Amino acid sequence: MAATINGFRSFFLLAAIVILCSCRYGGATAATRGYIKYKDPKAAVEERVEDLLTRMTLPEKLGQMCQVDRFNFSFFPPATRHEIFTKYMIGSVLSNPYDTGASPSNRVNVSNTMQNLSLSTRLGIPLLYTIDAVHGHNTFINATIFPHNVGLGATRDPDLVKKIGAITALEVRATGIAQAFAPCVAVCRDPRWGRCYESYSEDPKVVNMMTESIMDGLQGNAPYVADFKTKLAGCAKHFVGDGGTVGGINENNTVADNATLFGIHMPPFEIAVKKGIASIMASYSSLNGVKMHANRAMLTDYLKNTLNFQGFVISDWLGIDKITTPPRANYTYSIEASINAGIDMVMVPFQYKEFLEELTKLVNGGYIPMSRIDDAVRRVLRVKFSIGLFENPLAEETLIAEFGSEAHRKVAREAVRKSMVLLKNGKTNVDKVIPLQRNVKKIVVAGTHANNMGWQCGGFTLTWQGFNGTGENIGRNKALQIPTGKTRGTTILEAIMKTVDPTTEVVYVEEPNQDTSKLHADAAYTIVVVGEAPYAETQGDSTTLSIAAPGPDTIKHTCGSGMKCLVVLVTGRPLVIEPYLDTIDALAVAWLPGTEGQGITDVLFGDHPFTGTLPRTWMKSVTQLPMNVGDKNYDPLFPFGYGITT
C-alpha cells in the first residue's frame with residue numbers, strides 16, 4: 001500500500017511539473033514544434049548531417065552505403081523496382097556504360113520517378129544518381145563527345161580542359177544526373193595498359209594540371225559543387241597507382257616505393273582533395289600486394305586521416321568481390337574487409353539484398369563497428385547536403401537545349417585540332433606535306449578508320465567497349481532493348497570532303513590492295529587513316545601494341561607502293577610504327593578524337609597550326625616498356641613532349 005501511495009504522489013508531482021512547464025515555456029514549445037534541423041537550408045551542413053544521422057535506423061544507414069544499377073529499376077517488375085527505394089532505402093543509383101540514352105527528357109523523367117520514391121520514405125533522403133562521363137556525356141546518343149584524356153594531355157591547354165569539364169557537366173545535368181565518375185587522374189606509366197587513354201599523361205605534372213582544370217569545369221571552383229543546376233559532383237579515380245601495374249596489366253599489382261607512390265601516383269589525388277572532390281573511387285588494382293579495396297593504410301590512414309578527405313570513398317563495379325581470388329569466394333569477408341578499410345559506398349550493383357543482409361549481420365555481430373558505419377553515412381550525407389540535393393532533389397528540363405549544342409561541338413572541334421600531334425612532315429626537310437593542298441584534281445582516302453564514328457570515338461562511347469560504325473547497330477543494345485541510333489558527328493572522311501575544293505575528286509578505299517596504287521596513280525596524295533579498334537579496361541590490354549588489321553596492309557599498299565601519303569593514327573596510345581616509318585611521307589596522331597572530325601582537317605589543311613605535343617613517350621618497340629621520360633635508359637622513337645609545329 002505504501003508503494004501504491006508513493007506511486008500516486010509521484011504521478012501527481014510529475015503532472016504538476018508538466019503543467020508548470022507548459023505555462024512557463026508553452027510559447028517556445030509551440031514556436032519550435034515541427035522544426036527539423038536537417039531540413040533547414042539555413043543550418044550549417046555539419047549540423048544537418050548530425051541531426052539526420054541521429055534519426056536514422058540501421059537499415060536506413062546501410063541503404064545510404066549501397067549503390068545499385070539503374071537497370072534494377074527500369075527492367076524489373078514495378079513492385080520490385082519500387083522497393084529498391086521504399087523498402088531497402090538505397091541511397092545511390094548508377095547508369096552503367098551499357099546504359100545508352102537517346103532522350104534527355106525521358107532520362108529526366110526516370111530520374112525524377114526514382115527520386116520521388118526516395119523522397120516518399122520516412123526521412124525523405126534524396127537519391128544520388130551517377131554515371132560515367134569520361135569524355136563528354138559518353139553514353140548518350142547525340143551528346144558532344146570530346147577527345148579521350150590522352151588527347152587532352154597533348155593539348156597542354158588547361159583552360160580548354162576547364163571548358164570541356166563545364167560542358168560535360170551541363171550535358172549530364174540536362175539528363176537529370178547529379179554526379180559523374182570523373183575525372184580519371186591515373187598516371188599511366190605503361191601504354192600496354194588497356195586504360196591508358198583515360199590518363200592525361202605519363203608525367204604527373206601534366207596530370208596534375210589537367211586534374212585541377214577539369215575539376216574547375218565539372219564541379220566549379222568550390223568544394224563539392226559551386227552551382228547545383230549547372231555543375232556535377234565529381235569522382236576522382238582510381239585510388240591509387242592503377243596506372244603503374246606490373247606489365248601494364250589491368251587490375252594487376254603496382255610495386256612502388258614511397259618516391260614512386262607519392263611522387264608520381266598520389267599528387268593528382270592530393271590536388272583533387274584540396275579542391276573538394278565529392279568522392280574518390282578505389283582501384284581494382286593492388287599496391288605492393290594489398291588490394292586497394294581492402295587497403296586501410298591508404299584509404300583511411302592516408303586519404304582520410306592524413307589528407308583530410310571529407311567526401312566519400314566508393315568501390316568500383318563489383319570491386320569488393322574482387323578482394324578474394326576467385327572473386328566472391330568469401331563475400332562476407334569481402335564486405336567486412338572493404339568497409340573496415342574505409343569504403344563508404346559499395347557499387348553492388350545488382351545483388352543488393354544479399355549485400356545489405358550480410359552487412360547487417362556484420363554490424364550486429366560487432367565485426368564492423370557502428371562508428372565506421374556512422375563515418376561512412378556521414379560522408380555520403382555531407383555530399384548530398386553540400387551539392388544541394390535536399391533543396392533541389394528533382395531534375396529540370398531547362399538545360400536540354402544545351403545538350404549536344406553547336407557551341408559545345410565548336411569547343412570539341414577546338415580540342416581535336418589542339419590534340420593533334422605531327423610526328424613527321426616530309427621525307428626530307430624541304431619536302432613538306434603539311435599543309436595539304438585542297439585544290440587538286442584527285443586525292444585518295446584509305447583505311448577502315450577514316451569513315452567509322454565508333455572507332456574514332458574509342459571505348460566508353462554509347463556502350464562499354466565502344467562501337468563499330470554509326471551507333472545504329474549495337475548488338476547488346478538491341479538484345480536488351482536499349483536505344484540505338486546514329487550519333488551526331490563528323491567522320492574524318494566526311495571532314496575531308498567538306499574541306500577540299502568542290503572540284504577535287506575524293507576516292508575512298510576502305511581496304512586497299514596491291515592494285516590500289518596503280519588504279520589511283522593520278523592522285524595528288526593519299527590520306528591513310530589506321531589505328532586501333534575500340535576497347536575498354538582489360539579487353540584493351542596489349543602485349544604487342546600493333547596497328548589493328550588491316551592497317552599494316554593498308555600502309556603497305558599505299559605508302560609502301562609509291563603513293564605520296566600522310567598517315568593519321570587513331571589510337572589511345574603509342575603503337576609500333578617504326579617498321580613503316582621510312583615509307584611514310586608524313587605522320588600525325590589524332591588519338592581518339594570523338595565526334596568532331598573536322599578538328600583533324602583544320603590542321604591537316606592548314607586552317608590552324610599543329611601545336612600538340614606528345615603526352616607520352618613513343619617507343620620503338622614494346623621490348624623497351626615501361627619507358628618514361630626521365631628514365632635512365634631512355635631511347636624513344638619520339639620523346640615525350642615532341643611535336644612538329646606548323
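**The cysteines, bonded and free**

The S-S torsion of cysteine 188 and cysteine 196 comes out at about -105°, so this disulfide is left-handed. Keep in mind that we're looking at a predicted model. The two sulfur atoms of cysteine 188 and cysteine 196 sit 2.1 Å apart, within the 2.5 Å cut-off that makes a cysteine pair a disulfide. As for the surroundings, cysteine 188 and cysteine 196 are both buried.

That's one link, but the structure holds two disulfides. For the other, go along to cysteine 559, which is joined to cysteine 565 with an S to S distance of 2.0 Å. What is the handedness of the link of cysteine 559 and cysteine 565? It's right-handed, with 120° about the S-S bond. Cysteine 559 and cysteine 565 are both buried, too. If you number the chain's bonded cysteines in sequence order, the pairing reads 1-2, 3-4.

Now for a couple of cysteines that stay out of this. Cysteine 66 takes part in no disulfide, and the nearest cysteine sulfur to it belongs to cysteine 235, 16 Å away. Why does cysteine 66 count as buried? Because its relative accessibility is 0%, and buried means under 20%.

Cysteine 235 is in no disulfide either. Its own nearest cysteine sulfur is that of cysteine 184, at 10 Å. Cysteine 235 has 0% relative accessibility, so it counts as buried.

Definitions and conventions:
Residues are numbered from 1 along each chain as its sequence is written. This is a predicted model: local features need pLDDT of at least 70, side-chain atom pairs count only at pLDDT 80 or more; totals for chains, interfaces and linings use all residues. Side-chain values use heavy atoms; hydrogens and water are left out. Buried means under 20% relative accessible area, exposed over 50%, partly exposed in between (1.4 Å probe, protein chains only).
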